[in-house]
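Please look over the sequence and the model before reading on. This report is written for someone meeting the structure for the first time.

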Amino acid sequence: MISTLAWTPEGVRFIDQTRLPLEESYVLATTYEQVADVIVTMVVRGAPAIGVSAAYGVALGALRTKAATAAEFAPEFERICARLAGTRPTAVNLFWAIDRMKRLFVALLAAGATLAQIQGKLLAEAHAMYAEDIAACKKMGAFGGALLPDEGGVLTHCNAGALATCGYGTALGVIRSAVEQGKHIHVYADETRPFLQGARLTAWELMADHIPTTVICDNMAASLMRAGKIQAVVVGADRIAANGDVANKIGTYNVAILAKEHGIPFYVAAPWSTIDLATPTGDSIPIEERPAIEVTHHGGKQLTPNGVCIRNPAFDVTPVRYITAIITERGVLRAPFGDSLRAMERVG
Ligand code: MRU
């Protein structure tokens with residue numbers, strides 16, 4: 001299995017997703033500041049992977065502290081969490097993971113734990129999140145794989161695979177599971193301008209698994225749907241609001257509209273840590289605006305005229321009416337999504 005991120009005695013090791021597929025290289029973050037940089041620069045990306053990376057960043061910050069006692073470390077802990085929380089605003093998994101570390105820290109402080117005990121428990125919590133993420137992907141895969149056709153084309157956008165998680169993937173986990181169930185799936189991977197997660201990352205990891213894959217430019221999906229090549233769409237999510245609106249990689253909304261127009265089911269696969277019941281609708285989800293250079297340049301080469309205005313929103317919101325089902329590790333949710341999300345939150 002692809003090692004997206006891994007804890008080592010020296011720090012957190014990340015596969016460098018900015019260099020794939022041409023180069024398989026790794027970046028070692030030995031401080032929490034370096035973990036934050038790795039998230040900002042998208043060496044590691046994808047909502048679940050960002051969350052677990054931040055958890056390891058918090059643990060790393062605790063382990064590297066020069067504080068002598070737990071009480072002395074407390075203000076530094078707040079600074080570590082704030083730095084990591086300031087990296088990327090849309091993926092709620094980031095805040096979910098940091099909040100979980102904060103809750104643990106507060107409980108340990110209240111119980112009178114020593115700094116050494118706190119360091120050990122924070123690292124154990126990050127390890128637990130890592131393992132839970134892979135287990136959630138496997139469960140989503142089993143639920144979602146059953147929804148895909150026995151044979152046909154499945155379109156995906158961005159990379160919601162092993163590289164976006166601790167392993168197996170959300171949307172690509174669903175596809176992997178369908179293939180493991182013996183289904184004959186051909187994946188159409190949107191290239192996903194401007195960062196090209198589909199062309200570079202989805203294609204790379206599916207080829208490694210020998211899953212038949214065709215990369216298409218983002219503007220080709222409509223005509224392929226019209227030609228009957230796509231039987232289902234499955235994508236990941238960065239944040240799912242309480243009413244079921246889904247924030248995901250920019251361009252997902254276009255695909256959802258196209259799928260509805262062509263009568264093709266549109267599935268979203270995401271772990272429960274992506275669901276944000278505190279955000280009522282997609283309108284309140286913060287959308288990250290990334291640097292213009294991602295649009296103006298590619299591979300160091302300038303594509304646009306000097307000085308032209310650029311927009312680079314990294315995510316969009318797909319309104320819930322376009323979504324056929326949301327696949328989580330707890331089960332498959334269908335409309336009315338607000339009710340089914342609340343009901344499944346209660347069941348746990
Ligand atoms: O900007 P990115 O590459 O972090 O965006 C990733 C996505 O939009 C993914 O689809 C989403 O995080 C789900 S990953 C399982």
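The sections below take up charged side-chain pairs and then nonpolar cores.

## Salt bridges between helices

The structure is a predicted model, and a search through the whole of it finds 14 salt bridges. Side chains of opposite charge can pair when their charged atoms come close.

One of these pairs is formed by Arg83 and Asp37, whose closest N and O atoms are 3.0 Å apart. The two residues belong to distant parts of the chain, since Arg83 sits in helix 3 (residues 70-85) and Asp37 in helix 1 (residues 32-40), with their positions 46 residues apart in the numbering. Arg83 is partly exposed, with a relative accessible area of 31%, and Asp37 likewise counts as partly exposed, at 40% relative accessibility.

## Pairs with buried partners

A salt bridge also joins the side chains of Glu125 and Arg100, with an N to O distance of 2.8 Å. This pair links helix 5 (residues 115-145), which holds Glu125, to helix 4 (residues 92-110), which holds Arg100, and the two residues are 25 residues apart. Arg100 has a relative accessibility of 14% and therefore counts as buried, the cut-off for that class being under 20%.

Further along the chain, Glu205 and Arg176 meet in a salt bridge at 2.8 Å, N to O. Glu205 lies in helix 7 (residues 197-208) and Arg176 in helix 6 (residues 171-180), so this pair ties together parts that are 29 residues apart in sequence. Both Glu205 and Arg176 are buried. Elsewhere, Arg88, Glu288, Arg290 and Glu294 are joined into one network by salt bridges that share partners.

## The largest nonpolar core

In soluble globular proteins, nonpolar side chains tend to be buried together. In this model the largest nonpolar core has 47 residues, and those with the most contacts inside it are Phe14, Val35, Phe73, Leu84, Met101 and Leu122. At least two residues of this core come from each of strand 2 (11-15), helix 1, helix 2 (47-63), helix 3, helix 4 and helix 5, while the largest share, 11 residues, comes from helix 2.

Phe14 gives a closer view of these surroundings: leaving aside residues up to four places away in sequence, the residues that Phe14 touches include Leu5, Tyr26, Val27, Val35, Val38, Val43 and Val44, as well as Thr4, Ser25 and Ser53.

## A separate core

Apart from the largest core lies another core, of 28 residues, and among its members are Ile216, Val235, Ile240 and Ile323.

Methods
Residues numbered from 1 in each chain as written. Predicted model: local features only at pLDDT ≥ 70, side-chain atom pairs only at ≥ 80, totals over all residues. Heavy atoms only, no water. Salt bridge = Lys/Arg side-chain N within 4 Å of Asp/Glu carboxyl O. Helix = DSSP H or I, 4+ residues; strand = E, 2+ residues; numbered from the N terminus. Buried < 20%, exposed > 50% of the residue type's maximum accessible area, 1.4 Å probe, protein only. Core = buried A, V, L, I, M, F, W, Y, C linked by side-chain atoms within 4.5 Å. Contact = heavy atoms within 4.5 Å.
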